[in-house]
Amino acid sequence: MSDSVIQQAEIEAAVEKLVEGGRPRFVRLWNYYQNPMRACGVRSDGQGSDRPYRQGQEWGLPSRITGLRSGCEVGAGQVIDGVARKEVVVENDIGWRVDTMVDYLFGKGITLNSAAPEASRREEIGELLRLILSHNGGILFLQQMALIGCVYGFVDVLVKLDLEAGGDEVDPAGFSGVQDLGEAPVGGEENRAGDGATQLGGGRLSGREMRRVARMIRLEIVEPARALPFLSREDWQKLEAYGQVYEVRNPKSETLNQRGWWGRWFSGGEKRNWETGVEVITATGWQRIVGGEVVEEGGNSLGALPVVHIQNLAMPFQYSGASDVEPLIPIQDELNTRLSDRANRITMQSFKMYLGKNIEGFTDATISPGKMWMTDNPDAEVISFGGDMGETASEEEHIADLREAMDKVSGVSPVAAGAIKDRIGNLTSAAALRITMFALLSKNDRKRTTYGGGLQRICELALAWLDHAGVYATEAEERQVEIGWPSPLPENESDALEEAGMKLKVGVPQEVVLRELGY
């Protein structure tokens, strides 16, 4: 990749920016979605409110509740002397809202059909694309893609070709060597299959051959913490190169470990065990760089970046789209703070406490029914305080307002997740249900635009790879696809069939009607 437009200094600057700024942000977003739990020891405090675990969202709670001064990284903190840990309550309202968005976007299967001009080719290409998607996980792949997009704001998918995955019947002799991207076919363009033909016997593919061809395409979702995009300086929408950052073991570390602990101590310990590696892809080739040196490189016969970038919600002038988690973090922190304050108040008021004045051995005396105390001190006194004081109206109203704010920001109300409670009166018809979830459905339609465009690009790259490898020939106009989205709302099947019959009567093509029904 000698003609690469990406210089080593630019790669190092991008890696440093990702490690210092991007990765901590991605870790915070994932922690607020998943709220992971880690075990720990119970601290000794006067209140005895500690529990043997910590949760991810505790990072955003005030130190007066957690007894910790939170650091820049999630999970890192410093114990504050004199501040006891209070009752910590974390209710993850972000997690179920994100899961609900994913369910409404890819909870039901989509229909994927080819838009090729010829009917016979359209049927065959459509079946091949559905097998490629099924081989890479099907609906599970789509849900994972949507989840990463919702949390991080974007998702990148690498479309790769692996001829060896096709089996023995696929002769990889047409390739000079199969790497991550593949090399150019031997003999150039004349080695490719003819129109409508394939290397697997020619003519129309059998079901067995089609499954072998589908296995050659591998779709890989890139972890955002490893993604390293290089955008054009003139056009922010143009991707000039794409990289992935990973950790690779230093071969010198094996010799270092054999020297014993004293050798590792005087030579810097484990710092030399791992090095940063970067794999950069351009339209003409790829390079694998470890420790600032190119250790492996190859060509890219496709002539285009096999990367599909999908924004969760379209955002102009930036690579990543809008995350569904990030705007909810401040409200989630406030909600957890108020819930913890209420839990602490209830704990303090759930039992009575006593103040004994001028009574000797008061702390050793037991309090029980029928127990009598006696003292000769006329100034002795026992004062009780605490106990259940009832709910605080302003506190409950504030918590309710916080939940309503999360509904407005996320667009996901409890009704969408099935938490109906006393709202059953609003669900007297399908139209009323649609109005109740109007914000979620509108956001869902926006996501169908971005994710649908990404799926079309994935199918286009997959067919282009097979065409360039001489395995399955297609023309540019045959690589277009149409995506049919099912209704996210529960519908009566009889009503749907009746509506479909009315559409057929007014002249709507049968293929369109069947696609809308999910067939």
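**Notes on helix crossings, aromatic pairs and loop residues**

1. Helices α5 and α12 cross in a right-handed sense. The model under review is a predicted one. Helix α5 covers residues 139-152 and helix α12 covers residues 438-468; their axes come within 12 Å, with a crossing angle of roughly 125°. An angle between 115 and 145 degrees is neither roughly perpendicular nor roughly antiparallel, and α5 and α12 are therefore oblique to each other.

2. Which residues make the contact between α5 and α12? On the α5 side they are L142, M145, A146, G149 and C150. On the α12 side they are K447, Y451 and L455. Sorted by class, this contact has 6 nonpolar residues, 1 polar residue and 1 charged residue.

3. Y451 of α12 deserves a second look, since this residue also belongs to an aromatic pair. Its partner is F106, and the two rings are arranged edge-to-face, with 6.1 Å from centre to centre and 85° between the planes. F106 sits in helix α3 (residues 93-106) and Y451 in helix α12, so the pair ties together parts of the chain that are 345 residues apart in sequence.

4. Are the two partners of this pair buried or exposed? F106 has a relative accessible area of 0% and is buried. Y451 counts as buried too, at 0% relative accessibility. The cut-off for buried is under 20%. Y451 is thus a residue to find from two directions: in the contact with α5 and in the pair with F106.

5. The model has 8 aromatic pairs in total. There is also an aromatic cluster, made up of F26, W30, Y33, Y152, F154 and Y319. When tracing the cluster in the viewer, note that Y152 is numbered as the last residue of helix α5 (residues 139-152).

6. A second helix crossing involves α4 (residues 119-135) and α6 (residues 207-215), whose axes come within 8 Å and cross at roughly 50°. That angle makes α4 oblique to α6. The crossing of α4 and α6 is right-handed.

7. What meets what between α4 and α6? From α4 come E124, E127, L128, L131, I132 and H135, and from α6 come M210, R211, V213, A214 and R215. By class, the contact of α4 with α6 has 6 nonpolar, 1 polar and 4 charged residues.

8. Two loop residues have backbone angles to check. F317 is not a glycine, but its phi is positive, near 65°. F317 lies in the loop between β13 (307-311) and α9 (329-349). With a relative accessible area of 67%, F317 is exposed.

9. N358 is another residue with a positive phi that is not a glycine; the value is about 60°. Its loop is the one between β14 (352-357) and β15 (381-386). N358 has a relative accessible area of 47%, and this makes it partly exposed.

10. The last point concerns K86, in the loop between β4 (77-79) and α3. How far apart are the C-alpha atoms of K86 and S49? They are separated by 5.8 Å, while the two residues are 37 residues apart along the chain. K86 is partly exposed, with a relative accessible area of 21%; the limit for buried is under 20%.

Definitions and conventions: Residues numbered from 1 in each chain as written. Predicted model: local features only at pLDDT ≥ 70, side-chain atom pairs only at ≥ 80, totals over all residues. Heavy atoms only, no water. Axes fitted to C-alpha atoms, helices over the stretch in contact; angles between N-to-C directions. Helix = DSSP H or I, 4+ residues; strand = E, 2+ residues; numbered from the N terminus. Parallel < 35°, antiparallel > 145°, perpendicular 65-115°, else oblique. Left-handed = near helix turned anticlockwise from the far one by under 90°. Contact = heavy atoms within 4.5 Å. Nonpolar A, V, L, I, M, F, W, Y, C, P; charged D, E, K, R; others polar. Buried < 20%, exposed > 50% of the residue type's maximum accessible area, 1.4 Å probe, protein only. Phe/Tyr/Trp six-rings, centres within 6.5 Å; stacked < 30°, edge-to-face > 60°.
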